[in-house]
Amino acid sequence: MNFIFLGPPGAGKGTLAKQAAQVYGIPHISTGDIFRENIKNQTELGKKVDAIIKSGGLVSDDITCELVKDRLSKPDTKNGYILDGFPRTIPQAEALESFAKIDAAVNFDIADEAVVERLGGRVCCKECGQMFHVKFNPPKQAGKCDKCGGELYTRDDDKTESIQNRLVVYRKSTAPLIDFYKNKGNLVDIDARPAPEAILAEFEKKFPKK
Ligand code: AP5
């Protein structure tokens, strides 16, 4: 199946996408991860989007759509994929329709206070990208990745000011996609409040593996 994961920043889209990708054997495609990888490697694209991402704004629709179109043309997407963080605007959703067929838009339902707490405590590994939360999923040793021993850091856009801006941008540009997909009949709400294992169980119940 071809999934879209929709929801506010910090709702747990990436966390569920990583687990579900393993369970269903399909790729997890995160536009945020692709941009961050480009920033880390100082590519032309990375230089172009660095300041936008730090501030919590959105990269232009043209750049983002081109990137996703190219990624979806790769053979590993043949049996399905999870698009995490794309589309994020109505023009992106309309463009997506011209090069992909989406089976379900999964909408992560959660209150702002919870996402602020989740983002405020998130730390990621500089080496392998593994995510932790200082309260909900702390690393065994503070500042060190359990998986590879790499250094843990706080994303630039997880600073208080950027979090607030991301929520404003989400409400203005991305939340309208909920109605967009509801009208198409393929919106599926998921309760994003429980622990990750419970959310994965709910997801698997809603989308039984074939
Ligand atoms: P992106 O990386 O997509 O960021 P986001 O949508 O803001 O989502 P996050 O990664 O912050 O949160 P998440 O929902 O994945 O939550 P997570 O699982 O990490 O985008 C970054 C930037 O790139 C954008 O701001 C924009 O500039 C640009 N961009 C990307 N796509 C774009 C597009 N299409 N168009 C234009 N620009 C684009 O969890 C968060 C924390 O909570 C973690 O610490 C985790 O451990 C914890 N947690 C997760 N689930 C639970 C749970 N169930 N219970 C308790 N804690 C939990």
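**View 1. Surface of the predicted model.** About 11,100 Å² of the protein is exposed (Shrake-Rupley method, 1.4 Å probe). Carbon and sulfur atoms supply 51% of that area. This is a predicted model: local features need pLDDT of at least 70, side-chain atom pairs count only at pLDDT 80 or more, and totals for chains, interfaces and linings use all residues. Residues are numbered from 1 along each chain as its sequence is written, and side-chain values use heavy atoms, without hydrogens and water.

**View 2. The overall fold.** The protein has nine helices (DSSP H or I, at least four residues) and eight strands (E, at least two). Its C-alpha atoms fill a box of roughly 45 × 40 × 35 Å along the principal axes. Of the 210 residues, 45% are buried (under 20% relative accessible area, 1.4 Å probe, protein chains only).

**View 3. The largest nonpolar core.** This core holds 24 residues. A nonpolar core is a set of buried Ala, Val, Leu, Ile, Met, Phe, Trp, Tyr and Cys residues joined through side-chain atoms within 4.5 Å. Phe 3, Phe 5, Ile 82, Val 106, Phe 108 and Phe 203 touch the most other members. β1 (2-6), α1 (13-24), β4 (104-109), α6 (112-120), α7 (160-174) and α9 (196-206) each supply at least two residues. α1 gives the most, with five.

**View 4. Around Ile 82.** Leaving out residues up to four places away in sequence, Ile 82 touches Phe 3, Phe 5, Ala 17, Ala 20, Ala 21, Ile 26, Pro 27, His 28 and Ile 29 (heavy atoms within 4.5 Å).

**View 5. Another core.** Apart from the largest core lies another, of 18 residues. Among them are Ala 93, Ala 100, Ile 102 and Leu 177.

Methods
Buried < 20%, exposed > 50% of the residue type's maximum accessible area, 1.4 Å probe, protein only.
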